[in-house]
Amino acid sequence: MTSASPPAAERTRSATEDTAMLRTWGLTKEFNGFRAVDGVDLEVAPGTVHALVGPNGAGKTTLFNLLTGFLKPTAGTITIDAHDVTGMRPERIAQRGVARSFQITSLFTELSLAEHVELALLGRDGQGFRFWRSDKRMRRYRAETEELLAQVGLAGRARTPAGSLGYGQKRALEVALALALSPRLLLLDEPTAGMGVEDVSRTIELIQRVREDRTVVLVEHNMKVVGDLTDRVTVLQFGKVLAEGSYEQVRNDPAVITAYLGESV
Ligand code: ADP
Ligand code: MG
C-alpha cells in the first residue's frame, strides 16, 4: 500500500533533518601515521543505550576522546544533535550537552563526595572557586547534590572523603559527576572495569536509572552488561567498524566471532 505524499515542506524536512543524537562520518585519528580510528561512521539514535565493543587497542577510547574534543580528528565529521562539533574544544562540546566518565578514575582523596559534586555543578554553571565556599549561595547546590548522590546509590555519604570509598563506589561517584552536567548524551568508558559481580549488577541498575531522558554510549567489555543494557552495539577492530546491530545480531556475526576467537561474546 502506498501512502499519500507528505506536503512539500514536510518532505524537505525529513530529507534534510538529521535526527541522530550523535553521528560521525569517516572519523579518523592518526598518531604518527598509525590510524587508531579509521573512517568510522557511527549513528546513535536519541534515547538509546549504544555500546562500543572490541578488542583492546581497537580505538574505543580514542573515539571517545574525539567525540568529547579531547583529541582533534585527522579527518571526518562529528555532529551532536545535527550540530557540527568537529574540532571544537571540550568545554564547547560539554555545553552542547555531552558529558563523559573516564576509564581511569581521578578523584581527590581528601575532598568529600559533596565537594566533588559541588565542584562539578560550579563548572556546569561557569562559576569559579570564589563562589564555592563563599557564602549561603552554596545552599542552592545542596539539594541537587543530595539528589545526584542518591541517584547513583551514594545517599547519606555526602561528607565522606572520596578516598575512603570502595572501587565500585568511586566509579558511581564519577557517574554522578558526569550527571551533574545534566548531559543529554552521556559517555561511559568501561564503567564496570575491575568490578566484582555485585558492583557490576549495581552499575547495570544505575545505568538503567540514568538512561531516562538521555542517550548513553558506553565502552564495555562485560558482555552481560552489553546484553542487559544496550539497544545497539557497534564492534570496532583495528580502528574500523567491524559489525553493527542488536546484541543478538553482532554476537552471532561470524566476523565478530573470529575477532573475539578464544573470548566468549
Ligand atoms: P581501546 O580503548 O579500544 O583499547 P585505544 O583507543 O586506547 O584503544 O587505542 C587504540 C590504538 O591507538 C592503540 O594501538 C594505542 O596504542 C594507540 N594510541 C592511543 N592513544 C595514542 C596516543 N596518544 N599516541 C599514540 N598512539 C596512541
Ligand atoms: Mg580503552
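Which residue stands opposite Leu-185 in β8? Hold that thought while I set the scene. What you see is a predicted model. I'll take the sheet, then the helices, then the hairpin, then the ligand.

So, the sheet. It is open and has 6 strands. Reading across, the order is β6-β7-β8-β3-β9-β10, and the pairing is mixed. Two strands sit at the edges: β6, residues 98–101, and β10, residues 240–245. Each of those pairs on one side only. On average, neighbouring strands here are turned by 20° against each other, direction ignored.

A reminder for anyone new to sheets. Strands pair through backbone hydrogen bonds, and they do so either parallel or antiparallel.

Now zoom in on β7 and β8. β7 covers residues 185–189, and β8 covers 215–219. They run parallel, joined by 5 bridges. And here is the reply to my opening: opposite Leu-185 stands Thr-215 of β8.

Next, the helices. Take α2. It lies across β3, β6, β7, β8 and β9. Against β7, it runs at about 150°. Then there is α6, residues 167–179. That helix lies across β6 and β7, at about 155° to β7.

On to the hairpin, made of β1 and β2. β1 spans residues 22–31, and 8 bridges join it to β2. This pair is antiparallel. One example: Thr-24 has Leu-42 of β2 as its bridge partner. Between the two strands there are 2 residues. Look at Asn-32 in this hairpin: its phi is positive, near 50°.

Finally, ligand 1. What surrounds it? The shell includes Phe-31, Phe-34 and Ala-36. It also includes a run you can follow along the chain: Pro-55, Asn-56, Gly-57, Ala-58, Gly-59, Lys-60, Thr-61 and Thr-62. By type, that shell divides into 5 nonpolar, 5 polar and 1 charged.

Which elements supply it? β2, residues 34–44, and α2, residues 60–67, each give at least two residues. α2 gives the most, with 3. This is the helix we just met lying across β7.

Three polar contacts to point out, each to an oxygen atom of ligand 1. The side chain of Lys-60 places an N or O atom 2.7 Å away. A backbone N or O atom of Gly-57 comes in at 2.8 Å. For Ala-58, a polar backbone atom is at 3.2 Å. How much of the ligand does the protein bury? Taken alone, ligand 1 exposes 560 Å², and the protein buries 59% of that.

That's the tour. Thank you.

How values were computed:
Residues numbered from 1 in each chain as written. Chains lettered and ligands numbered in written order. Predicted model: local features only at pLDDT ≥ 70, side-chain atom pairs only at ≥ 80, totals over all residues. Heavy atoms only, no water. Near = heavy atom within 4 Å. Polar contact = N/O pair within 3.5 Å; in protein donor to acceptor, adjacent residues only side chain to side chain. Areas by Shrake-Rupley, 256 points an atom, 1.4 Å probe, with all protein chains shown as cover. Helix = DSSP H or I, 4+ residues; strand = E, 2+ residues; numbered from the N terminus. Nonpolar A, V, L, I, M, F, W, Y, C, P; charged D, E, K, R; others polar. Pairing = 2+ DSSP bridges. Axes fitted to C-alpha atoms, helices over the stretch in contact; angles between N-to-C directions. Contact = heavy atoms within 4.5 Å.
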